[in-house]
Amino acid sequence: MAITVVGSVAFDSIESPAGRCERCLGGAATYFSLAASYFTDVRVIAVVGEDFGAEEEQVFASHDIDTQGIERAAGKSFFWQGSYLENLNEAKTHATELNVFGSFEPRIPDSYRDSEFLFLANIDPILQRRVRESMPQVKLVAGDTMNYWIKDHKPALLEVLKGLDVLLINDTETRMLAQNSNLVQAARSVLGMGPRMLVVKHGEYGATAFHRSAESGVGAKPFRAPALPLEHVVDPTGAGDSFAGGFFGYLASQPDITPAAFRRAMFYGSVMGSFTVERFGTERLEQLSRDEIDARFDLFREITHLD
Ligand code: AMP
């Protein structure tokens, strides 16, 4: 099974209490692809500028990520600058420069057209919708967004939500989208906007899946996956996208998408997020092995087992 992902491929300048990282490789689609690549084939749709060189290309190539859909344009790549000095759970954005993404027209290579899974990573909802509409054959569509789009581009975002099976966002975004401070009520209202399943990420406290009804195939009760209590959190950037990559990558690797597969996918999402935050940027995510991933999955099982 293959996943096509559209989203930002970027350079990030990040500051956290552990230090800083200047113009390190980032972007929602980058973190997602790297995390998902440990489970299944991944194909990326994005645009980069002239500052995206052989070194960055190699990060994707060494994980067998298909980059035919990454267009090279004249200009600079998407740039994001953020810090976590006051709160490790929430980034403070200092700069967002869309650069080449400002005039991006996504083109889907023919070789991507048989993808069964589509992930609309965080990017302008207009682009998310265009890609969704160009790939009507996909079996499962999931997506992400952020406060920036919820606040200033809500009508376009609401159109995207109508075409999603699974929405993965954090708790602040859930409350903001629903304009309701109670998480359960907010989740119910977001499920009314289109997705059959809502995965609410709680940063260092794990994630909760909500479903519209028992008919969604995963049961009507919420399901909570923990996060691993870590002694050193270096850089939370990309934890949410890595969660999504682990979650969706695992689902795509399964012969059947059963309720049990969804539950394990929630744990694999947490596993991938827990690795990402251990180093700046994509460093930790680039160097993993499937054995390490499965060992951490077992650790998650152990710390949540009751009897
Ligand atoms: P996360 O920490 O998982 O929420 O995502 C962090 C990544 O999102 C960074 O690598 C940024 O490059 C990327 N990012 C930040 N702002 C935006 C935006 N407005 N649109 C798309 N990607 C963004």
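This passage describes strand E2 and its pairing partners, followed by the surroundings of aspartate 114, in a predicted model.

Strand E2 spans residues 10–16 and is mostly covered, with 6 of its 7 residues buried. Two pairings were found for this strand. Strand E3, comprising residues 19–26, runs antiparallel to E2 and is joined to E2 by 6 bridges. The connection between E2 and E3 is a hairpin of 2 residues. Within this pairing, glutamate 15 is placed opposite arginine 20 of E3. The other pairing involves strand E6, formed by residues 78–83, which is parallel to E2 and is likewise linked to E2 by 6 bridges. Here phenylalanine 11 stands opposite phenylalanine 79 of E6. E2 thus has an antiparallel partner in E3 and a parallel partner in E6.

Aspartate 114 is located outside these strands, in the loop that runs between strand E7 (92–97) and strand E8 (117–120). The relative accessible area of aspartate 114 is 53%, and the residue is therefore classed as exposed, the cut-off being over 50%. The side chain of aspartate 114 makes a polar contact of 2.8 Å with the side chain of arginine 43. With respect to glutamate 71, aspartate 114 is separated by 43 residues in sequence, and the C-alpha to C-alpha distance between the two is 20 Å.

Notes. Residues are numbered from 1 along each chain as its sequence is written. This is a predicted model: local features need pLDDT of at least 70, side-chain atom pairs count only at pLDDT 80 or more; totals for chains, interfaces and linings use all residues. Side-chain values use heavy atoms; hydrogens and water are left out. Buried means under 20% relative accessible area, exposed over 50%, partly exposed in between (1.4 Å probe, protein chains only). Helices (H or I, at least four residues) and strands (E, at least two) are DSSP runs, numbered from the N terminus. Two strands pair if DSSP finds at least two bridges between them. A polar contact is a pair of N or O atoms within 3.5 Å; within protein, one must be able to donate a hydrogen and the other to accept it, and residues adjacent in sequence count only if both atoms are side-chain atoms.
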